[in-house]
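Reader: Hello! I am new to this structure and would love a close look at one part of it, with the terms explained as you go. Could you walk me through one sheet and its surroundings?

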Amino acid sequence: MPTLGDGPAVRSYLPAFTLVAPKDLQSALRMLADEPGVWRPFAGGTDLMVLFEAGRLPPGRYVSLWGLKELGGIDVAPDTVSIGALTTYADVARHPVLRNEFPLLCRAAEQTGGAATQNRGTLGGNIANGSPAADTPPALLVYDAELELISARGARRMRYDRFHSGYKTMDLAGDELIRSITLPRGRVSWIESYRKVGTRKAQAISKVCFAAAADMDGTLIRDVRVALGSVAPAVVRCLHTESAMRGRTVDDALVEAAAAALTRDIAPIDDVRSTAKYRLHVSRNLLIQFATETLSRRTH
Amino acid sequence: MPDSTVSVRCRVNGTDATLIGHPMTRLLDSLRSDLHLTGVKEGCGEGECGACSILLDGRLVNSCLIPLLHADGASIVTIEGVAQGERLHAVQAAFIAQGGAQCGICTPGMVLAAMSLLEQHPNPSDADIREGLAGNLCRCTGYVRIFEAVLDACRRSEMGPR
């Protein structure tokens, strides 16, 4: 039986919202600290404004982070690259060091929405939004990203693969913001693969998003990372799959073991974009393709 | 009601403007209703179709996803600010010459997206053009003539200053 809530989407009621732009990061953190749980961060708006338009953005107070210099910038150090949380996909995709050393991340950024979205959507927003279908997180997982979280209480760092705990849940307190995402350098020799599978090549939200990289010695897999999006309540680093591959040589037995391990790492569901069956099948195929074609092509 | 309206100062098509409204008003609505810049079209209202495209500080954005507050201090170009008087921009001239417009709803966004693309890739590959226009949907042309208009605009730009 239809209920009131089942009707067509109606735009949110403007007076039920507040949006304030603090002058600097300290002021923003102070607002978050003084009224815990009251203020919610608002960055590029590419997701929140869509929810707002559909009447699905929770009414309340939002603190605009857009333009806060302390949350921007890309810092290249000898061992790491730190990307400010407000860095847009467009800025990620055209940064020369990122293009050269972290191509999976740049590919993900280039494949997230169209040009207009890439000019507004931010890397920190993509993470904090917590969507399991986000395209940059699998790449960040493959690169062993670390997050710097900041609040009026101070800063802390954490491994990104421990950040998401479930569907839209994460280790981020109500008074904390993501300040930056740090990637360790020195992986240029790794062999990499990134594939986003959606209804069309551009603009579509992923049905499956696959990122992987391996450090090869001939046919021996010295080390490996595999991460997937859209196949679990959150983006997932596939630790069982990695264990099944690490220290092994590429052969049929390895491919079979890795594909079997993958089913323990992911838990796809049926939803508006795809089915569990299709996602499992495609994930498996992408892993097999990585383990066979990608790795063997470059090592021979 | 405290805090309920903001006064946002920006430049729109080269002229200083003050936009007043709720900070979360869609920039699309302020531009259309307050400044009567109705070349900014509303298509989907969710950042998928690109009909509401504008240049915000030189970058292509969907104005339906920009809260008014984020226009503070910004420089905005809408389709109304693209031609210089009677003189069309090379992209506009190319769209006319190639029949790149039919019903016209997507055209302002297409033109701005094409301008933005050509600024970054003055000699775009076919793939660059497809990528650059991927966020702009057209339901009339089948895209082929739009695609040809972009190629034509490249040739026109090469022949001299716009």
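Author: Happy to help; here is a walk through one sheet of chain A, followed by its surroundings.

A word on reading the model comes before the tour. This is a predicted model, in which local features need pLDDT of at least 70 and side-chain atom pairs count only at pLDDT 80 or more, while totals for chains, interfaces and linings use all residues. Residues are numbered from 1 along each chain as its sequence is written, and chains are lettered from A and ligands numbered from 1 in the order in which they are written. The model scores ipTM 0.95 and pTM 0.94. The average pLDDT of chain B is 94, and 96% of the residues there score at least 70; pLDDT is the predictor's confidence in each residue, from 0 to 100.

Now to the sheet. Four strands of chain A make an open sheet in the order β11-β12-β13-β14, with antiparallel pairing. The edges are held by β11 (191-197) and β14 (236-237) of chain A, and each has a single partner strand, so one side of each is left without a neighbour in the sheet. Strands here are DSSP runs of E with at least two residues, helices are runs of H or I with at least four residues, and both are numbered from the N terminus. Two strands pair if DSSP finds at least two bridges between them.

In the middle, β12 (residues 208-217) and β13 (residues 220-229) of chain A pair in the antiparallel sense over nine bridges. Along this pairing, A:A212 stands opposite A:V226, and A:F210 has A:L228 as its bridge partner. The two strands form a hairpin with two residues between them, and A:G218 in the turn has a positive phi of about 65°.

A:L228 also has a bridge partner in β14(A), namely A:V236. β13(A) and β14(A) pair in the antiparallel sense over two bridges. Their hairpin has six residues between the strands, with A:S230 in the turn showing a positive phi of about 70°. Seven of the ten residues of β13(A) are buried, so to speak mostly covered; a residue is buried if 20 or more other C-beta atoms, placed from the backbone, lie within 10 Å of its own.Beyond the sheet lies a nonpolar core, meaning a set of buried Ala, Val, Leu, Ile, Met, Phe, Trp, Tyr and Cys residues joined through C-beta atoms within 7 Å. The largest has 134 residues, of which A:L105 and B:A114 touch the most other members. Helix α3 (residues 107-120) of chain B gives the most to this core, with eight residues. Leaving aside neighbours within four places in sequence, A:L105 is in contact with A:V92, A:L98, A:T136, A:A139, A:L140 and A:Y143; contact means that the C-beta atoms, placed from the backbone, lie within 7 Å.

Lastly, the two chains meet: 24 residues of chain A are in contact with 28 residues of chain B. On the side of chain A that touches chain B, the elements giving two or more residues are β1 (17-20), α2 (48-53) and α6 (115-118) of chain A. Of these, α2(A) gives the most, with four residues.

Conventions
Buried ≥ 20, exposed ≤ 12 C-beta atoms within 10 Å, placed from the backbone.
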